[in-house]
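The following exercises concern a predicted model. Each task is followed by a solution in steps.

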Amino acid sequence: MLRYSAVTSCVWRSSSPFPSSARKRSRTPETGLPVTIFGGDYPTPDGTCIRDYIHVEDLARAHLLALDATAPGDPRTTGPDGNAAALALNLGNGGGFSVREVLAAAETATGRPVPHHVGPRRAGDPPVLVADASRARDVLGWQPMHPDLGEIVASAWVWRSGHPAGYDS
């Protein structure tokens, strides 16, 4: 099992990293609809939540490495009794970026402002949520090859620009 939370991938939206149900709720640069920043008073440098983002290519590479590790007899997924054992790993950059940093990276990548407003906090949102991916590094030899937020967002924007209808184009 690979755990990750914020994948900057092919579909540009303000919340879910998954490409299905949230598409109709998208806040893309093309729509001009404002993005809501949920809380601006967290105990972080700029007052917004910090999350760990990962490039979709790093995510794909981690999945391929994890598949290799599940080969029959691979010691990484074979328990002491010789039976298959679970492999649970966290994926992420291990640092994090604030919501305002992500918006700034989006503005740089798109060359246009991202309309936004600060709304109330969402119940249960922690100020900082980042992954400890050290086990993925130790077990799979994995580490992110694209840890720079600007590169992550720019790559997503290039894909989005070439596929304005998302996966349907």
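A residue counts as buried under 20% relative accessible area, as exposed over 50%, and as partly exposed in between.

**Exercise 1.** Classify R76 by its accessibility, and do likewise for its salt-bridge partner.

*Solution.* The relative accessible area of R76 is 31%. This value lies between the two cut-offs, so R76 is partly exposed. The side chain of R76 meets that of D74 in a salt bridge, at 2.9 Å from N to O. D74 has a relative accessible area of 13% and is therefore buried.

**Exercise 2.** Determine whether the end-to-end distance of helix α1 agrees or disagrees with its expected span.

*Solution.* Helix α1 comprises 14 residues, 56-69. The expected span is 1.5 Å times one less than the number of residues, so α1 should span 20 Å. Its end C-alpha atoms are 20 Å apart, which agrees.

**Exercise 3.** Which residues of α1 are buried, and how are they arranged around the axis?

*Solution.* The buried residues are D58, L59, A62, A66 and A69. They cover an arc of only 100 degrees around the axis, so they lie on the same side of α1. On the other side, L64 and L67 are exposed. Within this helix, D58 also forms a salt bridge with R61, the closest N and O atoms being 3.3 Å apart. The two residues are 3 apart in α1, about one turn of the helix. D58 has a relative accessible area of 0%, whereas R61 is partly exposed at 26%.

**Exercise 4.** Assign the residues of strand β3 to its covered and uncovered faces.

*Solution.* In a regular strand, side chains alternate between the two faces of the sheet. In β3, V35 and I37 form the covered face, while T36 and F38 form the uncovered one.

Terms used. Residues are numbered from 1 along each chain as its sequence is written. This is a predicted model: local features need pLDDT of at least 70, side-chain atom pairs count only at pLDDT 80 or more; totals for chains, interfaces and linings use all residues. Side-chain values use heavy atoms; hydrogens and water are left out. Helices (H or I, at least four residues) and strands (E, at least two) are DSSP runs, numbered from the N terminus. Buried means under 20% relative accessible area, exposed over 50%, partly exposed in between (1.4 Å probe, protein chains only). The arc is that of the directions from the helix axis to the C-beta atoms. A salt bridge is a side-chain nitrogen of Lys or Arg within 4 Å of a carboxyl oxygen of Asp or Glu.
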